[in-house]
Amino acid sequence: MGYPSVITIDGLAASGKSTLGELLARRLGYVYFDTGVLYRALTLVALEREIPLDDPEALAAVARAMELSVLPPTVDDGRQYTVLADGKDLTWALRDVAVDRNVSRVAGYPAVRAALRMRQREIGLRGKVVMVGRDIGTVVMPDADYKIFLDAPLHERARRRYAELVGRGAQMPLSVVTEDLERRDVLDERNTLVPSDAIVLRNEGMTPEQEVAQIVDSFEHNLALGATSTRYSESPPPPR
């Protein structure tokens, strides 16, 4: 038995899911798939086309009709991946403040989630993948080999998101970032469930590299014990 083939990472907004997912996939030589980019792409397209964000059926129709592609980086500009919607590169625009403020609303509609889950599942079933997002371990890939739920307090997540925005040149007070995240937490509540068989990783005060090391240590720990299954339920050992 080797490392788990399908790894899911769920968690709260700005808990560090994307950063951890990318680093862990790179460490293992796996595909990195941030499922949230599909919801962000739909939100951005809806805003650009002036589709009402309170019309779930119209949004779901767009989700079904759009040609969405998530590719390895096609431009060397620091991106984690390239996202195309109907052939248009939306990668950096997906992080616009307007998308941040509306993506939870769009992603909360059952019709929208149903329209995008099939594409997510198809990628996950290929194996050797790290999938990041919401309800990945509970709904999209309930039989994943290894499930992680990232947790961090609001003030820590707001600090991280604020630093990210400042790094991109955005001008927004920390208080507003905190309020936006608090509002997103409320909207995301029903889609941010902790899988019963997930390892909860509270990462306040940890670097992403420490998180990766702790997770890989848990793989090695199970291998050393001669585990007979790729399902993991024990908490990872503390970093060495």
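At what angle do the axes of α2 and α5 cross, and within what distance do they come? In this predicted model, the two axes cross at roughly 135° and come within 10 Å of each other. Helix α2 is therefore oblique to α5, since an angle of this size lies outside the ranges counted as roughly parallel, roughly perpendicular or roughly antiparallel, the last of which begins over 145 degrees. The crossing of α2 past α5 is right-handed. On the α2 side the contact is made by Leu38, Tyr39 and Leu42, and on the α5 side by Val112, Arg113, Leu116 and Gln120.

Helix α5, which spans residues 110-124, also packs against helix α3, residues 56-65. Here the angle is about 15° and the axes lie 7 Å apart. Helices α3 and α5 are therefore roughly parallel to each other, as angles under 35 degrees are counted in that class. The crossing of α3 and α5 is left-handed, whereas that of α2 and α5 is right-handed. Residues Pro56, Glu57, Leu59, Ala60, Ala63 and Arg64 of α3 meet Ala111, Val112, Ala115, Leu116 and Arg119 of α5. Val112 and Leu116 of α5 thus appear in the contact with α3 and also in the contact with α2.

The surroundings of Val112 reflect both helix pairs. Apart from residues up to four places away in sequence, Val112 touches Tyr39, Leu42, Pro56, Leu59, Ala60 and Val106. Of these partners, Tyr39 and Leu42 take part in the α2 side of the contact with α5, while Pro56, Leu59 and Ala60 belong to the α3 side of its contact with α5. Val112 is also one of the residues with the most contacts inside the largest nonpolar core, a set of 58 residues. The others so placed are Ile7, Leu24, Leu59, Val130, Ile148 and Ile215. Helix α2 supplies the largest share of this core, with eight residues. In soluble globular proteins, nonpolar side chains tend to be buried together.

Helix α2, residues 36-48, lies in addition across β3, β4 and β5, and runs at about 135° to β3. These three strands form an open sheet in the order β3-β4-β5, with antiparallel pairing. Strands β3 (68-71) and β5 (88-89) are at the edges, each pairing on one side only. Four bridges join β3 to β4, residues 82-85, in the antiparallel sense, and Leu71 has Thr82 of β4 as its bridge partner.

Strand β1 pairs in the parallel sense with two other strands. Five bridges link β1 to β6, residues 129-133, and five link β1 to β7, residues 146-151. In the first pairing Ile7 stands opposite Val130 of β6; in the second, Gly11 stands opposite Leu150 of β7. Both Ile7 and Val130 are among the residues with the most contacts inside the largest nonpolar core. Six of the six residues of β1 are buried. Val6, Thr8 and Asp10 point one way from the strand, and Ile7, Ile9 and Gly11 point the other way. In a regular strand the side chains alternate between the two faces of the sheet.

The loop between β1 (6-11) and α1 contains Ala14, which has a positive phi of about 65° although it is not a glycine. A relative accessible area of 12% places Ala14 in the buried class, because that class takes in values under 20%. A second positive phi, near 60°, occurs at Glu50, likewise a residue other than glycine. Glu50 is found in the loop between α2 and α3 and is exposed, with a relative accessible area of 70%.

Helix α1, residues 17-28, holds Ser18, which is buried at a relative accessible area of 18%. Beyond its neighbours within four places in sequence, Ser18 is in contact with Tyr32, Asp34, Gln80, Arg95 and Val132. Ala163 lies in helix α7, residues 154-167. Its relative accessibility of 44% makes Ala163 partly exposed, because the value falls between the limits of 20% and 50%. The C-alpha atoms of Ala163 and Leu174, eleven residues apart along the chain, are separated by 9.1 Å.

How values were computed
Residues numbered from 1 in each chain as written. Predicted model: local features only at pLDDT ≥ 70, side-chain atom pairs only at ≥ 80, totals over all residues. Heavy atoms only, no water. Pairing = 2+ DSSP bridges. Contact = heavy atoms within 4.5 Å. Axes fitted to C-alpha atoms, helices over the stretch in contact; angles between N-to-C directions. Buried < 20%, exposed > 50% of the residue type's maximum accessible area, 1.4 Å probe, protein only. Core = buried A, V, L, I, M, F, W, Y, C linked by side-chain atoms within 4.5 Å. Parallel < 35°, antiparallel > 145°, perpendicular 65-115°, else oblique. Left-handed = near helix turned anticlockwise from the far one by under 90°.
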